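Thank you for asking me to look over this structure with you. I have set down my reading as numbered points, so that you can follow each one beside the picture.

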Amino acid sequence: MKFIVNGGKKLEGEIEVRGSKNAATKMMVASLLTDEECILENFPQIGDTEITRELCESIGSEIKSEGHTLSIRTPKITSFRVTELSRRNRIPILALGPILAREGKAEVPILGGDKIGPRPVDIHLESLRALGAKIEANGNYYYAEAPNGLRGAKIHLRYPSVGATENTILSAVLAKGQTLIENSAVEPEVIELILMLQKMGAIIETGSDRKIFIEGVSRLNGVSHDILPDRNEAASFACLALAHPKNKIKVRNARQKDMITFLNSVRRIGGEYRVENDGITFIGANGLSANNIETDTHPGFMTDWQQPFVILLTQAKGTSIIHETVYEDRFGYIEDLNLMGANIKVFSKCLGELPCRFNGNGEPHSAVISGPTPLSGRNFKVRDLRAGMAHLIATLIADGESIIDGIEEIDRGYEDIDGRLKSLGANIERK
Ligand code: EPU
């Protein structure tokens, strides 16, 4: 499928942020820990939640959805194997713990790297092994066993990986005894997963200094939980508003507390915003100025904000530098932006001060942006979800027509994106 976009139109009005993709999918997996019904409110209807639905249904979940409410109940795990799914996302590895807890064995597909880097799961596996799981790679699958159940352990994560932290939490809540996770990820989506699990009967404490303490319980109950608003969607819409002086967009449900670093960066480049009770209004203006950004784990500048922010920096006066320290290959979309008129050069050196795992390994993870540069319409294929959204923003502020192919990738994370953009005045058609 394609989007045909005629850019340069004034975008004005309100757009509502949906529930977070990266929380909703994990909460569906958390529901596998109980045989009772779990109700998820503010549930986003996106490709990634459909893929996760297929996963859950393939192992016994009964799922009903109405509007933005999802009911999921897994009375019995009917298969310990997560079979070949018709589409892929990175969620199956997180199902290892819940299936192990209920069945004593589990099998999930091995996922390779994708367009933003090799994305290993070595830290996930180290943690599960520390909790007593025996895991072996079996062809295209990881097969895990814990016939006598998992046991609590002290685990120090080598890197505060979001997925590895979530996997460890999901595995430890029903393990025997206590677990201490050190150097854990503390992203808002991780904290929200903890809140849901606490309501389900888990005992979890978050300490200072990236520590999470879990006391295993013998069973968990059903829950009703509201999914937090998606801060990646919010940042995308914010950048769309700020990138063109004619635009003014209220991003309804955007939460200041989840976007502190983003909002500081907006202010540093001269962007205007107003925090209101029910959202944040972003106001496009002339005269944005360049600045430097280093992506990092929370509470740093999020890697998923990098791509839409780069579009903003192409419209800012001066030279901006971005140092991407979370993924080694997240600048592939720059080539297309340069063909639209941007002036961005990518370097493998660390152009920043944060400690970076990619130092000296030749990966193109720093970018220098010279602006402002007008952008003009162009045809291209979506590379990955966030890059696809960044391209969409670029085409909306560019002059002329663009055709964006492969938009299923954008649909994985953004519900009815064309419908919502049209309501702001965008000229966008889905073909
Ligand atoms: N990493 C390892 N080993 C591991 C796990 C991670 O080396 O065992 C590395 C990764 O290769 C990457 C870095 O650590 O370089 C960060 O990975 P992390 O595990 O923190 O990320 P994730 O759990 O795979 C989630 C989101 C991403 C988001 C990151 C960072 C989901 C489904 N995905 O990924 O979102 O960028 O956290 O905040 O929650 C997206 O939504 O488009 C997206 C990519």
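The points below begin with the ligand and then turn to strands, peptide bonds and backbone angles.

1. Please keep in mind from the start that this is a predicted model, and that the distances, areas and angles quoted here are computed from it.

2. Which residues come nearest to the ligand? Of the 24 residues around it, these are Lys-26, Asp-122, Ser-161, Asp-304 and Val-326. Sorted by class, the shell around the ligand is made up of ten nonpolar, five polar and nine charged residues.

3. Several helices take part in this shell, and it is worth finding each of them in the picture. Helix H1 (21-30), helix H4 (122-130), helix H5 (162-172), helix H9 (303-314) and helix H11 (385-397) each supply at least two of the shell residues.

4. Some polar side chains can be followed to oxygen atoms of the ligand. In Asp-304, an N or O atom of the side chain is 2.7 Å from an oxygen atom of the ligand, while for Asn-22 the corresponding distance to a ligand oxygen is 3.0 Å. Tyr-327 has a polar side-chain atom that lies 3.3 Å from an oxygen atom of the ligand. On its own the ligand has 830 Å² of accessible area, and the protein covers 90% of that area.

5. Strand E13 (residues 223-226) is a good place to practise reading side-chain directions, since its side chains alternate along the strand. Val-223 and His-225 point to one face and are buried, whereas Ser-224 and Asp-226 point to the other face and are not buried. Strand E3 (residues 38-41) pairs with E13 in the parallel sense over four bridges, and within this pairing Asp-226 of E13 is the bridge partner of Glu-41.

6. Elsewhere there is an open sheet of four strands, with the order E17-E18-E20-E19 and mixed pairing. Its edge strands are strand E17 (292-294) and strand E19 (343-347), each of which pairs on one side only. On average, neighbouring strands of this sheet are turned by 15 degrees against each other when direction is ignored. Strand E18 (residues 318-323) and strand E20 (residues 366-371) run antiparallel and are joined by six bridges, and Ser-370 in E20 is the bridge partner of Thr-319.

7. Two peptide bonds deserve a careful look, for most peptide bonds are trans. The bond that joins His-298 and Pro-299 is cis, with omega about 10 degrees, and Pro-299 is found in the loop between E17 and H9. The bond from Gly-371 to Pro-372 is also cis, with omega near 0 degrees, and Pro-372 lies in the loop between E20 and strand E21 (379-381).

8. Two asparagines should be checked for their backbone angles, given that most residues other than glycine have a negative phi. Asn-42, in the loop between E3 and helix H2 (47-58), has a positive phi near 60 degrees. Asn-253, placed in the loop between strand E14 (248-252) and helix H8 (260-268), has a positive phi of about 80 degrees.

9. Are these two asparagines buried or exposed? Buried would require under 20% relative accessible area and exposed over 50%. Asn-42 has a relative accessible area of 22%, so it counts as partly exposed. Asn-253 has 28% relative accessibility, and therefore it too is partly exposed.

Methods. Residues numbered from 1 in each chain as written. Predicted model: local features only at pLDDT ≥ 70, side-chain atom pairs only at ≥ 80, totals over all residues. Heavy atoms only, no water. Near = heavy atom within 4 Å. Polar contact = N/O pair within 3.5 Å; in protein donor to acceptor, adjacent residues only side chain to side chain. Areas by Shrake-Rupley, 256 points an atom, 1.4 Å probe, with all protein chains shown as cover. Nonpolar A, V, L, I, M, F, W, Y, C, P; charged D, E, K, R; others polar. Buried < 20%, exposed > 50% of the residue type's maximum accessible area, 1.4 Å probe, protein only. Pairing = 2+ DSSP bridges. Axes fitted to C-alpha atoms, helices over the stretch in contact; angles between N-to-C directions.
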